[in-house]
Every structure is written in C-alpha cells, then in structure tokens.
Amino acid sequence: MYYSIKNTLEIISAPDIREKNEKYVAVLTSAQWLENRDKFDMGIEMDIGLSCVNSTKAEVNYDSLTGTFSLPDRENISSPNINFAFALDEKGIVFIDDNGFVDKAISRIISTKRWAVPSLERFIYDFLEQIVTRDQVLLEGFDKELDTIESDILGPSENDPSQRVSHIRSDLRDLRVHYEQLLDLAQELEENENNFFTKENTRYFHLFSQRVSRLHDITTSLRDYSIQIRDLYQSQLDKKQNRIMTLLTVITSIFMPLTLIVGWYGMNFKYMPELEKKAAYPIVIIVSIVIVILSLIFFKKKKWL
C-alpha cells in the first residue's frame, strides 16, 4: 500500500511515488520489497529476514536510514515480539511488514490525525506515538495490580502472589529494554546525520524521546516496586514461620516439666512414698495444672504469646 503525506495520508498508486514531489509512505511485505526495492532508489541492498529481527534500532547509510522494530505485544508481553523493518530517505519511508501491524497503525493515524503542516517528520512522530499510545494505561494497570497484591500480603489472604509478581517483573523488564531501544532510535532520528529532515521538525523526535523517557522511568520504578513486594512477601513468610516456631517453643516449654513428672513417677520404684498415698494422684494433677498456668502467665508477660 502506498500513501501520500498531505493533510492526512492519501492512498496513491505505486508509480506516483517518484513522479510527484510529495512525501510518501509505503507498506510492503518482504516479498514485495525484494521485487520493488529498486524503484525507491535508496542505494541499499536490504534483504530483510523479519524472523531474525530481535531489537528496535536504526542505522545510518550513505543515501538512506534503515532499521528494524521489535515490539512487545501489549496484550501479552511475554509472547513473541512483533517485528518489522523500515527504510527512509528525504522523500519518504518504506515499511517492510509481514504481520499487519503497520497497516493497523496507519489506519488509526488516518482516522484520528489531520495535519495543518504535513511533513514526513510529523508522520514518523505520529507513527511512533502509535507504538506507545496505550502504555501509560498499561503501566497504571501494573501499578494498581501491585498495590492490590501488596494489600493482600499485608492482609489475611493466604494466596501466594510470588508467581504473578515474578511475571509482572519480567514484563516490566521487557518493556524497559524496549523503551531503551526506542530512545536510541529517536535519538538517531533527531541526530539527522543525513539531513533528511528539516532542522525545525526534528523537535518531534525530541518530544517523542521525552515521552519514552518518562515511560522508561515509570517502568523502572514499577520494577523496583515489584522487587520490594517480593521482599515484603518473603518477610511476611518469615514472620509467620517465626510465629509458628515461637508457638512450638512455648508448647514444648510447657510440656517439658510435665514430661519430667510423668517420667519421674513412671519409674515405679518399690519405696516411692507417693505411690501409697491416696491424694498423690489428684496432687500431681493439680501441680501439672499449676505448672501450665504459671507457664502461660510467664509467656504472656514476655509477649511470646
């Protein structure tokens, strides 16, 4: 699909790209790129293997700027990334995409954007914005979920949140790496080494860098928060284990003197005087009860119970 950059993107036919003095956008599959790349006269031999793309980056060539996008799927960040490539010069930009992401992004741009001063730089800015447009809401969702998990840890809930927290931390790590790569890409565009962009319009890339930088900071903060929640959960587990150990210690301490009494009078020596006394049995019972009561009073004062 080919578009001309006017007040919005207008669909054009392929031959119009070089015949008219208008900025253009082209969206091709890998096969279409191999078949038509000579028409764009960018002076590059770019054989794109999208399955091998593993990062978002840009590379400056003599007559063009080329690069790739590797985007986490916002619906399932742990799933395989969405990969596509691009090549651009002062006349326009070509996307090489086999999965339809670029077409969807351009459709959203057409339906929502009208440019008073259309330019290639403004289109690239709006396209980059489509990549991160829902990320603020996504990160807010992570924040609220982590708050809920923290409340559950401090509350009576017995659920183990460690697996979910670990999954969130992994997603945040992937997003943080993604934002770092987007920052590098935006800075490469802002550098404008080949002078493809007007100096005034490079401000769009600076604006995008600032937005991604804020998202990166939020992501880093949330990842630190998830680590704190993991430590909090471990601390709560330790407290529960300590309470259990304290209870077992108290029970053991109470029954130690009782065990001594049982062992002592279980010897059944012939001349044990208590064996012949009628009151011996109830006296032992009373002594045992007194020992238990005194032990409980002692542990209460020490706040071990």
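User: How much space lies in the second largest cavity?
Analyst: In this predicted model, the second largest cavity is lined by Val60, Leu65, Glu188, Leu189, Asn192, Glu193, Asn194, Asn195, Phe196 and Phe197. By class, that lining has 5 nonpolar, 3 polar and 2 charged residues. The space in the second largest cavity comes to about 50 Å³.

User: Is Asn192, a residue in the lining of the second largest cavity, buried or exposed?
Analyst: Asn192 is found in the loop between α6 and α7 (203–265), and, although Asn192 is not a glycine, its phi is positive at about 55°. Because its relative accessibility is 12% and the cut-off for that class is under 20%, Asn192 counts as buried.

User: Is Asn195, which also lines the second largest cavity, buried or exposed?
Analyst: Asn195 lies in the loop between α6 and α7, and its phi is near 55°, a positive value in a residue other than glycine. The relative accessible area of Asn195 is 61%, which is over the 50% cut-off, and therefore Asn195 is classed as exposed.

User: What is the volume of the largest cavity?
Analyst: The structure holds 3 cavities of 30 Å³ or more. The largest cavity is lined by residues including Phe69, Phe86, Leu88, Ile93 and Phe95, and the elements that give two or more residues to this lining are β6 (82–88), β7 (92–96), α4 and α6 (162–191). The volume of the largest cavity is about 70 Å³.

User: Which element supplies the largest share of the lining of the largest cavity?
Analyst: The lining of the largest cavity divides into 10 nonpolar, no polar and no charged residues, and among them are Ile124, Phe127, Leu128, Leu185 and Leu189. The largest share of this lining amounts to 3 residues, and the element that supplies them is α4.

User: How many charged residues are there in the lining of the largest pocket?
Analyst: The largest pocket holds about 230 Å³ of space and is lined by 13 residues, of which Arg74, Ile82, Phe101, Arg108 and Arg134 lie nearest its centre. Helices α3 (101–112) and α4 (120–132) each supply at least two residues of that lining. By class, the lining has 5 nonpolar and 2 polar residues, and the number of charged residues is 6.

User: What is the area of the nonpolar surface patch that includes Ile293?
Analyst: Ile293 has its place in helix α8 (residues 280–301), and because its relative accessibility is 45%, Ile293 counts as partly exposed. The patch is made by Ile293 together with Tyr281, Ile285, Ile286, Ile289, Val290, Leu294 and Ile297. The area of this nonpolar surface patch is about 780 Å².

User: Why is Val284 absent from the residues that make this nonpolar surface patch?
Analyst: Val284 lies in helix α8, and with a relative accessible area of 28% it is partly exposed. Patches are made of residues with over 30% relative accessible area, so Val284 is left out by its value of 28%.

User: What distance separates the C-alpha atoms of Val284 and Glu274?
Analyst: Val284 lies in helix α8, and Val284 and Glu274 are 10 residues apart along the chain. The separation between their C-alpha atoms is 9.8 Å.

Key. Residues numbered from 1 in each chain as written. Predicted model: local features only at pLDDT ≥ 70, side-chain atom pairs only at ≥ 80, totals over all residues. Heavy atoms only, no water. Patch = residues over 30% accessible without salt bridge, like charges linked within 9 Å, V, L, I, M, F, W, Y side chains within 5 Å. Areas by Shrake-Rupley, 256 points an atom, 1.4 Å probe, with all protein chains shown as cover. Salt bridge = Lys/Arg side-chain N within 4 Å of Asp/Glu carboxyl O. Helix = DSSP H or I, 4+ residues; strand = E, 2+ residues; numbered from the N terminus. Buried < 20%, exposed > 50% of the residue type's maximum accessible area, 1.4 Å probe, protein only. 1 Å grid on protein atoms, 1.4 Å probe; cavity = no way out; pocket = protein on both sides within 12 Å on 5 of 7 lines; lining within 4 Å. Points joined across faces, edges and corners; volume = space filled by probe spheres on them. Nonpolar A, V, L, I, M, F, W, Y, C, P; charged D, E, K, R; others polar.
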